[in-house]
Amino acid sequence: MRRRAIGKRRWLKPAHDRQNVLALLRSPGWPATTTTKKMSAPFTGGCGCGAIRYQVTAEPIVMFNCHCRDCQRATGTSFSAVVYVPAKAFKITKGSPRYYQTSSESGGHNKRGFCADCGSRLFGGISDQGHGINAASLDDPTLFKPQMHIWTADAQPWDHMDPDLPKFEKYAPQ
Ligand SMILES: [Zn+2]
Ligand SMILES: [Zn+2]
C-alpha cells in the first residue's frame, strides 16, 4: 500500500522547518528518552574536501531519519540522517556553503546547503529557529542517535529502518 502511494506523492515537497520539528516534539509517539541523548557540545564537522567547516555549541534539539523524496535526491541515497540543532548554536567556521531551496508541503521552503567544491551535502531545514546537519558530515558521526523515521510514505523498498523507532508517514502528527 505504501509503495502504491509513492507515485501519488512524488510531487510533494516536504521540509524540516520549524513547524515540522515542533510538531515532532509534540507528537504522542515521541519517546520519553529524547532528552537523554548524549551528544555533548561543542561538536564539529565539515565537507569532504575541507573547504567548509562548522561548529555547534549546543545539544541537538532532535535527531531523525527523513525518507522524503527531496532528501533522497539531495543525498543520492534512501534518506537524510539529520541532526537538528538550535540556529543560534550553529556557526560556519570556514568557507561558504552554497544553498538552494525545495518547497515544503507544510508551507514555506526547505533551505539546503552543500559544498560547491566537493559536492558534499551538509545542511537542510535551515531557519531562524534551527539548523539541520547531515549526520555523516560530523567529525564523529557515531554521535548520531536517530530518534524516529519520518516521511516513511516515500521510503524506498530497498531501505531498512530501525524496528524500534517511531515511524511517521509524513511529519509527526500535530
Ligand atoms: Zn568540500
Ligand atoms: Zn526529507
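Student: What makes E1 and E2 a hairpin, and how many residues lie between them?

Tutor: In this predicted model, E1 and E2 form a hairpin with six residues between them, and the turn includes Gly 50, whose phi is positive at about 90°. The two strands of that hairpin, E1 at residues 43–46 and E2 at residues 53–56, pair in the antiparallel sense.

Student: How do you know that E1 and E2 count as paired?

Tutor: Two strands pair if DSSP finds at least two bridges between them, and E1 and E2 have four bridges, so the pairing is accepted under that cut-off. One position to look at in the structure is Thr 44, which stands opposite Gln 55 in E2.

Student: What makes E2 and E5 partners as well?

Tutor: The reasoning begins from the cut-off of at least two bridges, and four bridges join E2 to E5, which run antiparallel, so E2 and E5 also count as a pair. Here Val 56 stands opposite Phe 90 in E5.

Student: Which strands make up the open sheet of three strands, and in what order?

Tutor: The order is E1-E2-E5, with antiparallel pairing.

Student: Why are E1 and E5 said to stand at the edges?

Tutor: E1 and strand E5 (90–94) each have a single partner strand, so one side of each is left without a neighbour in the sheet. From one strand to the next, the twist averages 25°.

Student: What is the order of the strands in the open sheet of seven strands?

Tutor: That sheet has the order E6-E7-E8-E9-E4-E3-E10, and its pairing is mixed. Strand E6 (98–103) and strand E10 (149–150) stand at its edges with a single partner strand each, so one side of each has no neighbour in the sheet.

Student: How do you know that E7 and E8 are paired?

Tutor: Two bridges join strand E7 (residues 109–114) to strand E8 (residues 121–124), and the cut-off asks for at least two, so E7 and E8 qualify as a pair. They run antiparallel, and Gly 113 stands opposite Phe 123 in E8.

Student: How many helices and strands does the protein chain have?

Tutor: The protein chain has three helices and 10 strands, and along the sequence they follow the pattern α-α-β-β-β-α-β-β-β-β-β-β-β.

Student: What percentage of the residues are called buried, and what makes a residue buried?

Tutor: A residue is buried if 20 or more other C-beta atoms lie within 10 Å of its own, and buried residues make up 37% of the 174 residues in the protein chain.

Note on methods
Residues numbered from 1 in each chain as written. Chains lettered and ligands numbered in written order. Predicted model: local features only at pLDDT ≥ 70, side-chain atom pairs only at ≥ 80, totals over all residues. Buried ≥ 20, exposed ≤ 12 C-beta atoms within 10 Å, placed from the backbone. Axes fitted to C-alpha atoms, helices over the stretch in contact; angles between N-to-C directions.
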